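I opened this entry to keep track of what I looked up, chain by chain, and to note the pairings and packings in plain sentences.

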Amino acid sequence: MPQADLEQYFPDLAATGYRITSPATPDYNCIAWAAENTANPWWPIALNPYYWPTEIPSAVTVQSFVDAFRMLGYELCEDGQFETGFEKVAIYAGRNGEPTHMARQLNSGAWTSKLGGLEDIEHRVLSGVEGDSYGLVAQFLKRRLRPDAA
Amino acid sequence: MKPVTRFSKQFGSFVSSSLTGEKAGFLPAQMELLGGPTAETFQGVLEIRHAEFHKHYPIGGIDPKEYGLLERLSDRVNDLTKEVALLKQGSTIRADEPSELAQRFAEFAGKWRRETAVLSNVHRIILHPAYQRIIGLGPDAVPLILKELSQRSGHWFWALHAITGEDPVTSGATFKEAVDTWLNWGRAKGYV
């Protein structure tokens, strides 16, 4: 999708800075991308090929998403400030509290997001994709970087 | 045009054995068409057949004694619809020719794509009103969904499952594998 079209969905992106880093694909979604999985979209729904950890209740809640990412070694944290030796993810939620999106922090301190069925982008700040589509960041999580990724 | 003799025989047998008396009021027009049916005329007959089916068997108010017949007729219409889909493979029906159904599908699919493009919430994607309208198009939409899946990919698995009652995708399959599995299913059923 051309940048101008992306910016219609996310009006703050242009001002806060971003770049497109992949072609558009429905093969995975933002939750999968935050979990570094590009084979399946992650979502709590009992339908193949959507993935959700079997140990976690199939509820569309921030808590359920937190629990799913605890399975990957993440723990709650206070904010999205870059911390050496850690990687962070942010869970966005809409006004009704339902999770809408996730972003993952890069080693540079910038963030990477998969925009639904569209492209992956690298955005400088989390607020770049806040707004009508994804609401606001509701929860941060972090885990210690694996030695090979540090 | 390629004659469709096996279908004319099947159809003639079907209408003569299934419908009698008043309920067969539409038969002359159909039988005239059966004089030299092609895939196109057969599709026309089938459409008349659908219309007459619903005229004589409106939803609700069904005489319980006729319910078995209703079920058999419904099954037969579904079978014939699938057979028309098979005929399309022989190019007697041009699959690329825009039909009213194809136009409606394109309209709903376009709206759905635009309005769900940035969503990751699969529930919201498949509960979108335009997606639900596509499911409401029923089995006739299956070839169109599979064509869309082949050309653009997308979250069509729920619609296919909802319409057909099938789920050929195995647990653990990737998204790409799920697409391939449904397309292979469609080929096996004569939809692709």
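In which sense do β1(A) and β6(A) pair, and over how many bridges? I should say at the outset that I am working from a predicted model. I looked up this pairing and found that β1(A) and β6(A) run antiparallel, joined over three bridges. In that pairing A:I20 is the residue that stands opposite A:I121 of β6(A).

**Chain A, the sheet**

I then traced the whole sheet and noted that it is open, with seven strands in the order β1-β6-β5-β4-β3-β7-β2 of chain A and with antiparallel pairing. Its edge strands are β1 (18-20) and β2 of chain A, each of which pairs on one side only. From one strand to the next, the twist averages 30 degrees. As a reminder to myself, strands of a sheet pair through backbone hydrogen bonds, in either a parallel or an antiparallel way.

**Chain A, around β5**

I spent the next entry on strand β5 of chain A, which covers residues 111-114. I asked which of its residues are buried on one side and which on the other. A:W111 and A:S113 are buried on one side, A:T112 and A:K114 are buried on the other, and both faces of the strand are therefore covered in the sense that these residues are under 20% relative accessible area.

On the β4 side, I found that strand β4 (residues 99-105) of chain A is joined to β5(A) by three bridges, and that the two run antiparallel. Here A:A103 is placed opposite A:S113 of β5(A). The hairpin made by β4(A) and β5(A) has five residues between the strands, and within this hairpin I noted A:G109, with a positive phi near 95 degrees.

On the β6 side, four bridges join β5(A) to strand β6 (residues 120-123) of chain A, again in an antiparallel arrangement. A:S113 faces A:I121 of β6(A) as its opposite number, and A:I121 is also the residue that A:I20 stands opposite. β5(A) and β6(A) form a hairpin with five residues between them, and in its turn A:G116 has a positive phi of about 55 degrees.

I also checked β3(A) against β4(A), and these pair in the antiparallel sense over five bridges. In this pair I recorded A:V89 opposite A:R104 of β4(A).

**Chain A, helix α4**

Which residues of helix α4 (residues 62-70) of chain A are buried? I listed A:V62, A:S64, A:F65, A:V66, A:A68 and A:F69. When I looked up what these buried residues of α4(A) pack against, I found α3 (30-34), β2 (75-77), β3 (86-93), β4 and β7 (136-144), which belong to chain A.

**Chain B, overall**

Turning to chain B, I counted 10 helices and zero strands, and along the sequence the pattern reads α-α-α-α-α-α-α-α-α-α. Of the 192 residues in chain B, 43% are buried. Among the contacts in chain B with a separation of 6 or more, 60% come from residues 24 or more positions apart. I noted an accessible surface of about 10,300 Å² for chain B, with 53% of it belonging to carbon and sulfur atoms.

**Chain B, packing around α8**

How do helix α8 (residues 142-152) and helix α9 (residues 157-164) of chain B pack? Their axes are 11 Å apart and the angle is about 160 degrees, which is over 145 degrees, so α8(B) and α9(B) count as roughly antiparallel to each other. The contact is formed by B:V142, B:I145, B:L146 and B:L149 of α8(B) together with B:F157, B:A159, B:L160, B:I163 and B:T164 of α9(B). I recorded the crossing of α8(B) and α9(B) as left-handed.

For helix α5 (residues 100-116) of chain B, I found that its axis and that of α8(B) come within 11 Å and cross at roughly 45 degrees, so α5(B) is oblique to α8(B). The crossing of α5(B) and α8(B) is right-handed. It is B:L101, B:A102, B:F105 and B:R113 of α5(B) that make the contact with B:L144, B:I145, B:E148 and B:R152 of α8(B).

Notes:
Residues numbered from 1 in each chain as written. Chains lettered and ligands numbered in written order. Predicted model: local features only at pLDDT ≥ 70, side-chain atom pairs only at ≥ 80, totals over all residues. Heavy atoms only, no water. Buried < 20%, exposed > 50% of the residue type's maximum accessible area, 1.4 Å probe, protein only. Contact = heavy atoms within 4.5 Å. Areas by Shrake-Rupley, 256 points an atom, 1.4 Å probe, with all protein chains shown as cover. Pairing = 2+ DSSP bridges. Axes fitted to C-alpha atoms, helices over the stretch in contact; angles between N-to-C directions. Parallel < 35°, antiparallel > 145°, perpendicular 65-115°, else oblique. Left-handed = near helix turned anticlockwise from the far one by under 90°.
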